[in-house]
Every structure is written in structure tokens, then in C-alpha cells.
Amino acid sequence: MKKLAMMAIVFVFALMGNAALAAESKDAMVRIVHASPDAPAVDVTVDGKTVVEGAEFKAATDFMAVPAGDHKVEIYAAGTVEEGKPVISTDLTVEAGKMYTAAAINTLDNLELQVLNDDTMVSERKSKIRVGHFSPDAPAVDVAVKDGDVLFPGAEFKGVTEYMEVDPGSYDLEVRAADSMDSVLDLAGTELKENMTYTILAVGFLEKDPALDAIVLEDPMMPAGMPKTGMGGTSETAQSTAPWAIFAAAAGLGALIIYGKKKSAQ
């Protein structure tokens with residue numbers, strides 16, 4: 001299997017350096033995430049051009065500039081593009097000045113592309129967060145303030161919540177089986193920075209390896225700064241090491257995500 005080597009290639013225009021330019025651009029900004037737990041490393045082509053090579057599970061590219069319009073996106077097992085037999089072949093329509101996260105999700109046998117509309121606009125000195133449930137065998141869950149109110153209720157597989165804007169700081173959260181008070185994961189001490197947006201994607205399996213985990217995509221606020229772009233590499237992700245983004249596979253039910261109550265001490 002090919003060694004991981006994220007190489008996002010901009011195939012028409014140069015990448016923009018700030019939000020104002022992006023808004024005026026004829027391009028969209030797109031990043032790609034490998035969120036299929038049992039799929040091998042993959043190559044991704046857009047309109048026949050290879051834009052990602054050897055992306056492994058939980059890898060996320062930087063944002064890439066893509067001309068507005070319709071595009072053919074195809075995903076191959078790494079190193080097989082020349083064979084012309086994609087695992088996924090789908091059409092993707094993007095709008096100028098918009099931002100998207102395209103995630104390969106579900107099991108290898110049922111692989112599909114989930115497209116998220118990204119929004120990095122956030123009020124000055126605020127944080128913004130949303131969560132996505134991409135764990136194929138995990139049940140619906142609630143994400144709640146520890147021993148308190150539910151913030152993201154009933155998140156089911158393939159579901160992505162709306163953004164929620166909050167004060168930056170440290171938060172005590174927990175993941176529960178949906179419609180219960182049964183905590184399956186303690187997410188105390190979640191840190192959210194000001195002027196940042198967070199997309200938290202629950203990935204992996206509940207009952208087998210690779211175990212439940214999370215991909216955390218951190219994007220700076222617009223217009224102060226565009227999301228990180230470049231000719232390859234990965235976005236700013238905080239994966240399994242984030243204490244609020246780790247799922248307790250042994251704890252039973254679980255999957256998901258974040259957000260909540262600011263610590264009373266702060």
C-alpha cells in the first residue's frame with residue numbers, strides 16, 4: 001500500500017490568500033477527507049486530474065481552489081488510477097466563493113461521498129462548532145453539557161449538525177446514548193479558541209477496529225484569515241489526541257461530538 005502522501009494539486013487557479021479575494025473569486029474552496037474506516041488509502045481525481053494521492057483513513061487535505069461549476073470526482077484505491085476503475089464516481093457542483101468539505105464515508109462496500117457546506121464566518125471573539133456522525137455502526141447519540149442540557153440531540157449516522165456559536169473557552173461535555181442520561185464519554189475540558197470554527201467528524205467503528213475516533217477540522221475566522229490552503233498536506237486537524245474528540249469504544253454506545261457549557265470556574 002502506498003505510503004501516505006497527501007498532495008493536493010490546484011488544477012486551474014492559484015490559491016487565494018484571504019477571504020475577500022475568495023469571495024470575489026470564480027473559484028470554490030474544497031477539501032477532501034477520508035472518513036471510511038475500512039477503506040484502504042485512496043487517490044482522488046477531479047475531472048480526470050489526480051488531486052490527492054495515498055490518502056489514508058482520517059486524512060484531510062488543505063482547501064483547494066476549484067473553478068465554480070460541475071466536476072467529476074472519482075475515488076480510487078491508491079495507485080490504481082491508471083486502471084480506470086474508481087470505487088466512487090460522482091458529480092460535484094460547487095459555487096464561486098463557497099467552501100466545501102467532501103468526505104468519503106461509510107464502509108468500503110458502501111462507500112459514498114458526503115459534501116458539507118462550510119461556513120467560517122463567526123462573530124468577533126466567538127467560536128463556532130458543528131458535528132458530524134460518520135461512524136457506520138454507532139447508534140444515534142446526544143451531545144450534551146455534562147449532567148445538563150442536550151446541545152446536539154439525536155445525531156445519527158451521516159448526519160451533520162448546524163453550526164453553533166459559543167464563547168471561546170473550556171467546556172465540560174459528554175456524549176450520551178440518544179434520549180438517555182447514560183454517558184458514554186466524558187468530554188470535560190473541551191477547548192474552543194476565539195475566532196475559530198470547528199468541524200468534528202466522528203469516524204471509525206463502535207464494535208471493531210479501527211475504533212471510534214474523531215477528525216477535528218479547525219478553520220480560522222473569515223475575513224481575518226482564510227482556511228489553510230496549499231499544494232497538498234493536511235488541514236489543521238486534531239485527531240485522536242483531543243480529549244473531547246475521543247470515543248470510548250469499550251464503553252458501549254457512543255460516537256460523537258462536542259460542545260457545551262463553559263466551565264463555571266472560568
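## Close-up views of a predicted strand-rich chain

**View 1. The whole chain and its long-range contacts.** Counting contacts in the protein chain between residues at least 6 apart in sequence, 69% join residues at least 24 apart. Please keep in mind that this is a predicted model. The protein chain holds 1 helix and 17 strands. It has 266 residues, and 53% of them count as buried. About 11200 Å² of the protein chain is exposed, with carbon and sulfur atoms supplying 50% of that area.

**View 2. An antiparallel open sheet of 4 strands, in the order E3-E2-E5-E6.** Which strands stand at the edges here? They are E3 and E6; each has a single partner strand, so one side of each has no neighbour in the sheet. On average, and with direction ignored, neighbouring strands are turned by 20° against each other. Follow strand E2 (residues 42–46) to strand E5 (residues 69–77), and you will find 5 bridges in the antiparallel sense. Within this pairing, Asp-43 stands opposite Tyr-76 in E5. E5 also pairs with strand E6 (residues 88–94), again in the antiparallel sense, over 7 bridges. There, Asp-70 has Thr-93 in E6 as its bridge partner.

**View 3. The largest nonpolar core, with 22 residues.** The members that touch the most other members are Ile-32, Val-44, Val-51, Val-52, Val-73, Ile-75 and Val-94. Which elements give two or more residues to this core? They are strand E1 (27–34), E2, strand E3 (49–55), strand E4 (64–67), E5, E6 and strand E7 (99–105). A second core, separate from this one, has 18 residues, among them Ile-129, Leu-187, Tyr-198 and Ile-200.

**View 4. Val-94 and the residues around it.** Which residues does Val-94 touch, not counting residues up to four places away in sequence? The list is Ala-28, Val-30, Val-66, Pro-67, Ala-68, Gly-69, His-71 and Tyr-100. Val-94 is also one of the residues that touch the most other members of the largest nonpolar core.

**View 5. A mixed open sheet of 4 strands, in the order E12-E9-E15-E16.** Strand E12 (164–166) and strand E16 (213–220) take the edge places; each has a single partner strand, so one side of each is left without a neighbour in the sheet. From one strand to the next, the twist averages 25°. Look now at strand E9 (residues 127–133) and strand E15 (residues 196–203): these two run parallel and are joined by 7 bridges. One pair to pick out is Ser-127 with its bridge partner in E15, Met-196.

**View 6. His-133, a residue of strand E9.** Is His-133 buried or exposed? His-133 counts as buried, because its relative accessibility is 0%, and the cut-off for buried is under 20%. A polar atom of the His-133 side chain lies 3.1 Å from the backbone oxygen of Pro-139.

**View 7. Arg-125 and Asn-195, two residues with positive phi.** As background, most residues other than glycine have a negative phi. Arg-125 is not a glycine, yet its phi is positive, at about 70°. Arg-125 sits in the loop between strand E8 (112–118) and E9. Asn-195 is also a residue other than glycine, and its phi is near 60°, a positive value. Asn-195 belongs to the loop between strand E14 (183–192) and E15. What about their accessibility? Arg-125 counts as exposed because its relative accessibility is 54%, and exposed means over 50%. Asn-195, in contrast, is buried, with a relative accessible area of 18%.

**View 8. The cis peptide bond between Asp-209 and Pro-210.** Most peptide bonds are trans. Here, though, the bond that joins Asp-209 and Pro-210 is cis, with omega at about -5°. Where is Pro-210 placed? Look for Pro-210 in the loop between E15 and E16. Both of these strands also appear in View 5, in the mixed sheet with the order E12-E9-E15-E16.

Terms used. Residues numbered from 1 in each chain as written. Predicted model: local features only at pLDDT ≥ 70, side-chain atom pairs only at ≥ 80, totals over all residues. Heavy atoms only, no water. Buried < 20%, exposed > 50% of the residue type's maximum accessible area, 1.4 Å probe, protein only. Contact = heavy atoms within 4.5 Å. Areas by Shrake-Rupley, 256 points an atom, 1.4 Å probe, with all protein chains shown as cover. Pairing = 2+ DSSP bridges. Axes fitted to C-alpha atoms, helices over the stretch in contact; angles between N-to-C directions. Polar contact = N/O pair within 3.5 Å; in protein donor to acceptor, adjacent residues only side chain to side chain. Core = buried A, V, L, I, M, F, W, Y, C linked by side-chain atoms within 4.5 Å.
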